[in-house]
Amino acid sequence: MDLNRHDFQLEELIKRIKSHDHRLIALQVPEGLKMQALEMMDEIEDGTSAKVVLAADPCYGACDLVHDKMKMMGVELVAHMGHSQMNIDSGMPTQFIDVTYDGRPEITAVLPILEQHRSIAKERLDEGEIALSTEEAQERFQDAVGRISPLKGTKLGLVGSIQHLHLIFEYKKYLEDAGFEVEVPVGGARLTFPGQVLGCNYSGDDDEIGHYMFLGSGDFHPIGLVLHTGKPLAMLDPYTDEASEMSFERIERILRQRFGLIMSIQDADTFAILIGEKPGQMRRSLALKLKRLLKKHGKKGYLLALEHVGPELIDFYPVDAFVNTACPRIAIDDAVKYGKPLVTPFELEVSLGEKKWETGYQFDEIP
Ligand code: SF4
């Protein structure tokens with residue numbers, strides 16, 4: 001990744017610090033940009049009379065805003081970089097700073113994948129509401145997570161990660177010129193921009209969309225998008241200019257692992273229910289609901305509140321398994337790091353017989 005091709009838009013922040021005459025501000029940057037943090041601190045201190053303290057704890061999203069603890073230090077403003085505002089209040093004045101990347105990959109490489117995925121969507125649309133078994137549906141790529149939900153259209157849903165969203169309507173035009181009917185989905189309150197996706201929220205999906213293209217890099221968002229929507233997904237990477245697709249085999253492997261975890265907690269009696277303390281991850285009501293559910297089934301649930309979740313912080317508790325209500329991706333992406341089964345709320349409900357695996361996997365979304 002060429003960090004020099006990122007534009008860190010600090011001008012607004014510098015203006016705000018000057019106009020309010022702030023003396024101490026906290027800078028919060030995502031993990032991938034921490035290498036540049038000292039440079040940014042210099043730029044802010046050189047352009048204002050404020051001092052900058054870096055909030056150096058890990059930060060993976062706008063769910064993870066610096067909150068009250070920095071107030072005790074005398075911080076007057078938090079500058080949060082590289083994520084957009086979500087529907088939470090951290091209790092601290094916060095300025096969100098856009099980071100954009102200037103890479104503009106050619107769409108030529110991704111077109112054959114998109115054409116193939118459009119055919120799959122058309123075939124699925126033509127099937128109408130014929131009931132298929134899970135196996136038949138999966139074989140035809142009806143829905144990669146086993147759901148048989150009817151489609152109403154075959155539009156291409158165009159989404160991206162935040163540093164590429166300034167290009168989304170430019171790419172919509174390119175793809176329309178190439179013959180695709182394109183929708184840039186608009187999600188719920190947790191999402192700020194059209195076409196935006198988060199690792200825990202793909203709420204812009206609708207049944208007019210038959211397949212997706214993701215403008216961005218890595219497989220974090222693509223895995224979540226397919227687990228949530230079950231639809232074919234092509235990826236175009238602005239950092240490498242390469243096109244690829246999220247394979248059905250990859251999703252199937254993840255589902256097999258999830259099912260294995262559900263089976264492994266069938267006889268578990270004691271659970272620790274993890275509650276995230278980060279402002280945008282806290283799902284207290286869900287955790288309490290799960291505790292009640294466990295009680296109903298004659299099992300015990302202990303509530304554990306944590307700011308960060310990691311194996312070294314929980315593995316030693318004498319429980320049989322963990323249920324995670326903090327960032328949903330902890331259970332999906334990191335389960336192998338834990339010594340005991342770590343499942344999502346949906347997976348716990350399946351193990352208790354409250355929900356069915358056969359009707360399709362339900363991605364754990366934070367609305
Ligand atoms: S909860 Fe997890 S996936 Fe959602 S924004 Fe926060 S870190 Fe990202």
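How many bridges join strand 9 to strand 10, and do the two run parallel or antiparallel? Four bridges connect strand 9 (residues 209–215) with strand 10, and the two strands run parallel. This is a predicted model, and the sections below take you through it step by step.

## The chain as a whole

Let's start with the overall picture. The protein chain holds 11 helices and 15 strands. Its radius of gyration is 22 Å, close to the 21 Å that the globule rule gives for 367 residues, so the chain is as compact as a globular protein of that length.

Taken along the principal axes, the box filled by the C-alpha atoms is roughly 65 × 60 × 30 Å. Of the 367 residues in the protein chain, 40% are buried. If you look at contacts with a separation of 6 or more, 67% of them are between residues 24 or more positions apart.

## A four-stranded open sheet

Now turn to the early part of the chain. Here you will find an open sheet of four strands in the order 3-2-4-5, with parallel pairing. Its edges are strand 3 (51–54) and strand 5 (94–97), each of which pairs on one side only. From one strand to the next, the twist averages 25°.

Inside this sheet, strand 2 (residues 24–28) and strand 4 (residues 77–81) run parallel and are joined by four bridges. To find one matching position, look for Ile25, which stands opposite Leu77 in strand 4.

## Helices on the sheet

Two helices are worth locating next. Helix 1 (residues 11–20) packs on the sheet and touches strand 2, strand 4 and strand 5. The direction of helix 1 makes about 160° with that of strand 5.

Helix 2 (residues 37–47) lies across strand 2 and strand 3. Relative to strand 3, helix 2 runs at about 160°.

## Back to strand 10

Strand 10 (residues 233–236) is covered on both faces. Leu233 and Met235 are buried on one side, while Ala234 and Leu236 are buried on the other. Ala234 also has a part in the pairing described at the start: this residue of strand 10 is the bridge partner of Met213.

## Around the ligand

Finally, which residues are around the ligand? They are Tyr60, Gly61, Cys63, Leu198, Gly199, Cys200, Gly280, Gln281, Cys327, Arg329 and Ile366. This shell divides into six nonpolar residues, four polar and one charged.

Technical notes: Residues numbered from 1 in each chain as written. Predicted model: local features only at pLDDT ≥ 70, side-chain atom pairs only at ≥ 80, totals over all residues. Near = placed C-beta within 6 Å. Nonpolar A, V, L, I, M, F, W, Y, C, P; charged D, E, K, R; others polar. Pairing = 2+ DSSP bridges. Axes fitted to C-alpha atoms, helices over the stretch in contact; angles between N-to-C directions. Contact = placed C-beta atoms within 7 Å. Rg over C-alpha atoms; globule rule 2.2 N^0.38 Å. Buried ≥ 20, exposed ≤ 12 C-beta atoms within 10 Å, placed from the backbone.
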